[in-house]
Amino acid sequence: MGELGIEVVDCVSDSSTPYYPKSSLISFDQYSSVQVLPISDSSPTTTPLDSNSLPSSSSSSSSPNDEHAQTQNPMEAWLPLTESRNANIFSAIFQLLCSGIGFQALLLPLAFASLGWVWGCISLVAAFTWQLYTTWLLVELHESASGGARTSRYLQLAISAFGTKLGKLLSIFPVMYLSGGTCVMLIITGGRTMQLLFNTLCGAHCQAKSLSGSEWFLVFTCIAIALALLLPNLNSVSRASLIGAITAIMCCTLLWAHSLRKDRPSDITYKPLAAEGQSDVERFGGVFNALGIIVLAFRGHNVVLEIQGTLPSNSKKPSRKTMWWAVKISYIQIAMCLFPLAVAGFWAHGNKVPSDGSILTVISQFYGQDTSKSMMILIYVLLIINCLCTFQIYAMVVFDNLEFTYISSKKQRCSRWLRSVLRIGFGGLAFLIAVAFPFLGSLALLIGGMTLPLAYAYPCFMWIAIKKPSSKSAMWSVNVGLGCLGLVLSILLVVAAICNLADKGLNANFFYP
């Protein structure tokens, strides 16, 4: 009984690696289950696996209380998202807050200006409730697979629910855009905010000495990737997430408190802009543009499963219980930031809200009026820090995919230098895209409409496909209804975005940030 054998369940032999017997071969091309079982001295001798082919106990940071660790693909212990599973409820709260409060929330007063008080409040409450429900679905589906296996990536869950071809077709673009695309938008926003901060600090006399837009993008990218090189896995991002959550809450609180404190213009009105002498096409575009701002203000669904994957789990305390408490606490705080920001901003400015949809224009013109220089400097600093911290969470999904591609091919974990090369390479690619498409923010509603089903529709259909509730049950009816409504809303948002672009045009300043 002194020997250990490795029993492989449902593995498929890989003809490209003929070094091991079929009974003991690990296939990294599928998510197989691995169990370590004691064998007797009389058991047949099998060829031992190379120590570099499987993760050792010392290479994994999984919690000793995680009973599901043995049912996972051994490759899980090599990847950044699941390398460490000893997180706690506080780290989950910090990461949910940091990834959930985005700079898109600054545009909520613009949405209220188009919809008015009644429909603005109804839409905001409905979107918040809807996305909270779909978040609960994802949390419950994390450990829904047979045998207690954990699904720690959105793409894995989509493949499990819809099949390999359909799951990839529906999920790859939204997941990659909401991770890599968000990083590009953070570079654009963070770099331009650095430029505004420099100009504010130095005044008009120093603008000639300021760096160019692309150089500010490069400064932000270098800082973000330097931080990423110090954070090996998602669990290690917890401290940065804490800083990002604090800065996001402080920035939102300062903005809505300042809106309440300042005097309102005497000629403002609260009549919806979409009802003021516009054609039917303009009214349609304005209404759904506002709805798009509201539904896209809530983000982070593409990293919920990944954050939950860092928590330990066992039969007595599954990760879904801890994660759901983290979701409830974090979303209460998110509501306390976004709802006052929308209501106070619209109350203070009404129809005077800038209508161009630029986030930095909203900051400098909308909130910058009659605001002290020190207040604007503080807001810019908070926004830059938040962008740097948020970058780490969304970039980790990309890093995980890059390392997964390498590990699947080479059957070994990435070395430290290779991991650094991959992350620097991604930073360079994101920087080039930001410089080439600095107007990407103008397409946010168009692309956001395409990715909206990932948050509002797909979780409903995945619940039906995996849990298989009765077609007569309330859960089946609710999920089918919300899923179909999410798909219809996505189509309408894309059409409205196209109409707005056709009406107002697009300032496509390629390579000129």
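Is Arg-320 buried, partly exposed or exposed, and what is its relative accessible area? Arg-320 is partly exposed, with a relative accessible area of 30%. The structure is a predicted model, and this report covers some of its salt bridges, one pair of packed helices and a few loop residues.

**Salt bridges**

Side chains of opposite charge can pair when their charged atoms come close. Nine salt bridges are found in a search of the whole structure. Among them are the three in the table.

| Pair | N to O separation | Location of each residue | Separation along the chain |
|---|---|---|---|
| Glu-76 and Arg-153 | 3.1 Å | Glu-76: loop between E2 and H1; Arg-153: loop between H2 and H3 | 77 residues |
| Glu-83 and Arg-413 | 2.9 Å | Glu-83: loop between E2 and H1; Arg-413: loop between H11 and H12 | 330 residues |
| Arg-320 and Glu-140 | 3.8 Å | Arg-320: helix H9; Glu-140: helix H2 | 180 residues |

The first pair joins two buried residues, Glu-76 and Arg-153. Both also belong to a network of salt bridges that includes Arg-85 and Asp-400. The strand and helices that flank this pair are E2 (33-39) and H1 (89-100) for Glu-76, and H2 (108-141) and H3 (154-162) for Arg-153.

In the second pair, Glu-83 has a relative accessibility of 8%, under the 20% limit, and therefore counts as buried. Its partner Arg-413 has a relative accessible area of 27% and is partly exposed. This salt bridge links distant parts of the chain.

The third pair ties helix H9 to helix H2, through Arg-320 and Glu-140 respectively.

**Helices H6 and H9**

Two packed helices are described by the angle between their axes and the distance between the axes. For helix H6 (residues 238-261) and helix H9 (residues 319-349), the angle is about 30° and the axes are 8 Å apart. Angles under 35 degrees count as roughly parallel, so H6 and H9 are roughly parallel to each other. Their crossing is left-handed.

On the H6 side, the contact is made by Ile-249, Cys-252, Leu-255, Trp-256, Ser-259 and Leu-260. On the H9 side, the residues in contact include Gln-333, Met-336, Cys-337, Pro-340, Leu-341 and Trp-347, along with His-349. Sorted by type, the residues of this contact are 12 nonpolar and four polar, with no charged residue.

**Pro-318, ahead of H9**

Pro-318 is located in the loop between helix H8 (304-308) and H9. The relative accessible area of Pro-318 is 8%, under the 20% limit, so Pro-318 is buried. What does Pro-318 contact, leaving aside its neighbours within four places in sequence? The contacts are Glu-143 and Ser-313. Glu-143 is 175 residues from Pro-318 along the chain, yet their C-alpha atoms are separated by 8.3 Å.

**Two lysines with positive phi**

Lys-411 is not a glycine but has a positive phi of about 60°. Lys-411 lies in the loop between helix H11 (373-410) and helix H12 (416-436), the loop that also holds Arg-413.

Lys-468 is another residue other than glycine with a positive phi, here near 55°. The loop that contains Lys-468 runs between helix H15 (458-467) and helix H16 (474-504).

Which of these lysines is buried and which is exposed? Lys-411 has 14% relative accessibility and counts as buried, whereas Lys-468 has 62% and counts as exposed.

Conventions
Residues are numbered from 1 along each chain as its sequence is written. This is a predicted model: local features need pLDDT of at least 70, side-chain atom pairs count only at pLDDT 80 or more; totals for chains, interfaces and linings use all residues. Side-chain values use heavy atoms; hydrogens and water are left out. Axes are lines fitted to C-alpha atoms, for helices over the stretch in contact, and angles run from 0 to 180 degrees between N-to-C directions. Helices (H or I, at least four residues) and strands (E, at least two) are DSSP runs, numbered from the N terminus. Angles under 35 degrees count as roughly parallel, over 145 as roughly antiparallel, 65 to 115 as roughly perpendicular and the rest as oblique. A crossing is left-handed if the near helix is turned anticlockwise from the far one by less than a right angle, and right-handed if clockwise. Contact means heavy atoms within 4.5 Å. Ala, Val, Leu, Ile, Met, Phe, Trp, Tyr, Cys and Pro count as nonpolar, Asp, Glu, Lys and Arg as charged, and the others, Gly among them, as polar. Buried means under 20% relative accessible area, exposed over 50%, partly exposed in between (1.4 Å probe, protein chains only). A salt bridge is a side-chain nitrogen of Lys or Arg within 4 Å of a carboxyl oxygen of Asp or Glu.
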